[in-house]
Amino acid sequence: MAVKNRDSMIEYTAKPHIEIIGNNECVVDGLKSILEYTKDKIRIDLGKYSVTFFGDELYINSFSHEGAVVEGTIIGMEFGSNG
């Protein structure tokens, strides 16, 4: 997350950030919403783009306005456009 200081106002500009840890955990920061959620497919809205996780026994372990942690056996990922 970038922080800009303009005339004593602090502005936070969040860009999507994805961190993959092995094949069973992925941290996604900067998400807007969850578009699809099943045990073999999770699709996440990143604003202009989306990311889809494919796998087995997928679930979201942690979810907040800042990000989510996708866990399970991640077999693949696909990036797409929301436009």
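The side chain of D45 makes a polar contact with the side chain of N82 at 2.8 Å, a polar contact being a pair of N or O atoms within 3.5 Å, where within protein one must be able to donate a hydrogen and the other to accept it, and where residues adjacent in sequence count only if both atoms are side-chain atoms. This is a predicted model, in which local features need pLDDT of at least 70 and side-chain atom pairs count only at pLDDT 80 or more, while totals for chains, interfaces and linings use all residues. Residues are numbered from 1 along each chain as its sequence is written, and side-chain values use heavy atoms, with hydrogens and water left out.

D45 lies in strand β6; strands (E, at least two residues) and helices (H or I, at least four) are DSSP runs numbered from the N terminus. D45 is buried but has no salt bridge. Buried here means under 20% relative accessible area, exposed means over 50%, and partly exposed lies in between, with a 1.4 Å probe and protein chains only. A salt bridge requires a side-chain nitrogen of Lys or Arg within 4 Å of a carboxyl oxygen of Asp or Glu. The nearest side chain of opposite charge to D45 is that of K32, 7.5 Å away, where Lys and Arg count as positive and Asp and Glu as negative, and His and the chain ends are not counted. Leaving aside neighbours within four places in sequence, D45 is in contact (heavy atoms within 4.5 Å) with L31, K32, S33, L35 and N82.

The wider frame is made of strands. The protein has eight strands and zero helices, and its pattern along the sequence reads β-β-β-β-β-β-β-β. Of its 83 residues, 28% are buried. Among contacts with a separation of 6 or more, 39% join residues 24 or more positions apart. The protein exposes about 5700 Å², of which carbon and sulfur atoms supply 50%; accessible areas come from the Shrake-Rupley method with a 1.4 Å probe, and for residues only the protein chains shown count as cover.

The largest nonpolar core has 13 residues, and V28, I42, I44, L46, F53 and V70 touch the most other members. Such a core is a set of buried Ala, Val, Leu, Ile, Met, Phe, Trp, Tyr and Cys residues joined through side-chain atoms within 4.5 Å. Two or more residues of this core come from each of β4 (25–29), β6 (41–45), β7 (49–63) and β8 (67–81). With four residues, β7 gives the most to the core.

Three of these core members can be followed in turn. V28 belongs to strand β4 and counts as buried because its relative accessible area is 0%. Beyond four places in sequence, V28 touches H17, I18, I44, L46, F53, E66, G67 and A68. The C-alpha atoms of V28 and F63, 35 residues apart along the chain, are separated by 9.6 Å. V70, in strand β8, also counts as buried, because its relative accessibility is 0%. The C-alpha atom of V70 is 5.2 Å from that of C26, although the two residues are 44 apart along the chain. With neighbours up to four places away set aside, V70 is in contact with N24, E25, C26, I42, I44, F53, Y59 and I60. I42, under the same exclusion, touches E36, Y37, V51, T52, F53, L58, Y59, I60 and V70.

One partner of I42 is T52, a residue of strand β7. T52 counts as buried because its relative accessibility is 5%. Apart from residues up to four places away, T52 touches K41, I42, R43, G76, M77 and E78.

K41 leads to the one salt bridge that the structure holds. The side chains of K41 and E36 meet in a salt bridge at 3.6 Å, N to O. K41 counts as partly exposed because its relative accessibility is 26%, and E36 counts as partly exposed because its value is 27%.

Two further residues lie in β7 and β8. E57, in strand β7, has a phi near 55°, a positive value in a residue other than glycine. Most residues other than glycine have a negative phi. E57 counts as exposed because its relative accessibility is 54%. G80, in strand β8, counts as partly exposed because its relative accessibility is 27%. Outside the four nearest places in sequence, G80 is in contact with Y49 and S50. The C-alpha atoms of G80 and D45, 35 residues apart along the chain, are separated by 9.6 Å.
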